[in-house]
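Thank you all for coming; I would like to walk you through one structure this morning, beginning at a single residue and working outwards from there. Please have the model open in front of you as we go.

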Amino acid sequence: MAKGFDQHQHYLHQLSLLGKDLTRRSRASCELCTKSGMSLSIFEIPPAPREPQLESVLHLCQSCLSQLQKPKQIEANHWRILSETVWSEVPAVQVMAVRILKHLATHQTWAQEILEDLYLEDELKVWVDQQGLQ
């Protein structure tokens, strides 16, 4: 049991080491809703790799983070910014934006329209389809 705990602590430490690079990449703003001037948390895009990688994490505000943790309680209007965010140069941002839009598209026409106009590289499509919001 101690070995598993130690591995988890090591993983969390490795994840925290990404903080400076993540802050630089995100320009200290939420990478999904673009809000700045608030506390940001590291969010790993599922499925998480064995070792934390900058390419598979996002810097998110508490509002975005809490909604991703409880997708059944998602506030659709909060995510209208995804019409811009989905075109980010950061693949991880694109992937999460598309996953959220797919989740919303079942009830939101505007989300369906964004997805219809979207073009993604094949490798990003595979990443998007690896997992949805749960």
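Let me start with Glu 31, which counts as buried because its relative accessibility is 8%, under the 20% cut-off that we use for that word. Please keep in mind throughout that this is a predicted model, and that what I report is computed from it.

Where does Glu 31 sit in the chain? Its place is in the loop that runs between helix α2, residues 19–26, and strand β1, residues 40–44.

What does the side chain of Glu 31 meet there? It makes a polar contact with the side chain of Arg 25, at 2.9 Å, and this pair also qualifies as a salt bridge, with the 2.9 Å taken from N to O. As a general point, side chains of opposite charge can pair when their charged atoms come close. The two partners fall into separate accessibility classes, since Glu 31 counts as buried at 8%, whereas Arg 25 counts as partly exposed at 23%.

There is a further polar neighbour to look at, this time from the backbone: the nitrogen of the main chain at His 59 lies 2.8 Å from a polar atom of the Glu 31 side chain. If we set aside residues up to four places away in sequence, Glu 31 touches Leu 22, Arg 25, Ser 26, Val 57, Leu 58, His 59, Leu 60, Thr 85 and Val 93.

That brings me to His 59, which belongs to strand β2, residues 57–61, and which counts as buried because its relative accessibility is 7%. The side chain of His 59 has a polar contact of its own, with the side chain of Ser 26 at 3.1 Å. Beyond its neighbours within four places in sequence, His 59 is in contact with a set of residues that includes Leu 22, Thr 23, Ser 26, Cys 30 and Glu 31, and also Leu 40, Ser 41 and Ile 42.

Several of these names return when we turn to the largest pocket, which holds about 220 Å³ of space. Its lining includes Arg 25, Ser 26 and Glu 31, which we have just discussed, together with others such as Cys 30, Thr 34, Thr 85, Ser 88 and Val 93. By character, the lining residues divide into three nonpolar, five polar and three charged.

Let me now come back to charge pairs, and ask how many salt bridges a search of the whole structure finds. The search finds three, and the pair of Glu 31 and Arg 25 is one that you have already met.

Another joins the side chains of Asp 21 and Arg 24, again at 2.9 Å from N to O. Both of these residues lie in helix α2, three residues apart, which is about one turn of the helix. Asp 21 is partly exposed, as its relative accessible area is 35%, while Arg 24 is exposed at 59%.

The side chains of Asp 129 and Lys 102 also meet in a salt bridge, at 2.9 Å from N to O. This pair links distant parts of the chain, for Asp 129 is in helix α7, residues 122–129, and Lys 102 is in helix α5, residues 91–104, with their positions 27 residues apart in sequence. Asp 129 counts as exposed at 52%, and Lys 102 is partly exposed, with a relative accessible area of 41%.

Helix α7 also contains Lys 125, whose C-alpha atom is separated by 9.9 Å from that of Gln 94, a residue 31 places away along the chain.

Ile 74 gives us another view of residues that are apart in sequence. It is found in the loop between α3, residues 62–69, and α4, residues 82–85, and it counts as buried because its relative accessibility is 16%. Ile 74 and Leu 104 are 30 residues apart in sequence and 8.6 Å apart in space, C-alpha to C-alpha. Among the residues that Ile 74 touches are Trp 79, Ile 100, Leu 104 and Leu 133.

Finally, a step back to the whole chain, which has seven helices and two strands, running from the N terminus in the order α-α-β-β-α-α-α-α-α. Of its 134 residues, 41% count as buried, and among contacts between residues at least 6 apart in sequence, 64% join residues at least 24 apart.

Definitions and conventions
Residues are numbered from 1 along each chain as its sequence is written. This is a predicted model: local features need pLDDT of at least 70, side-chain atom pairs count only at pLDDT 80 or more; totals for chains, interfaces and linings use all residues. Side-chain values use heavy atoms; hydrogens and water are left out. Helices (H or I, at least four residues) and strands (E, at least two) are DSSP runs, numbered from the N terminus. Buried means under 20% relative accessible area, exposed over 50%, partly exposed in between (1.4 Å probe, protein chains only). A polar contact is a pair of N or O atoms within 3.5 Å; within protein, one must be able to donate a hydrogen and the other to accept it, and residues adjacent in sequence count only if both atoms are side-chain atoms. Contact means heavy atoms within 4.5 Å. A salt bridge is a side-chain nitrogen of Lys or Arg within 4 Å of a carboxyl oxygen of Asp or Glu. On a 1 Å grid over the protein atoms alone, a cavity is a set of points where a 1.4 Å probe fits but cannot get out, and a pocket is an open set with protein on both sides within 12 Å along at least five of seven lines; lining residues have an atom within 4 Å of a point. Grid points are joined across faces, edges and corners, and a volume is the space filled by probe spheres set on the points. Ala, Val, Leu, Ile, Met, Phe, Trp, Tyr, Cys and Pro count as nonpolar, Asp, Glu, Lys and Arg as charged, and the others, Gly among them, as polar.
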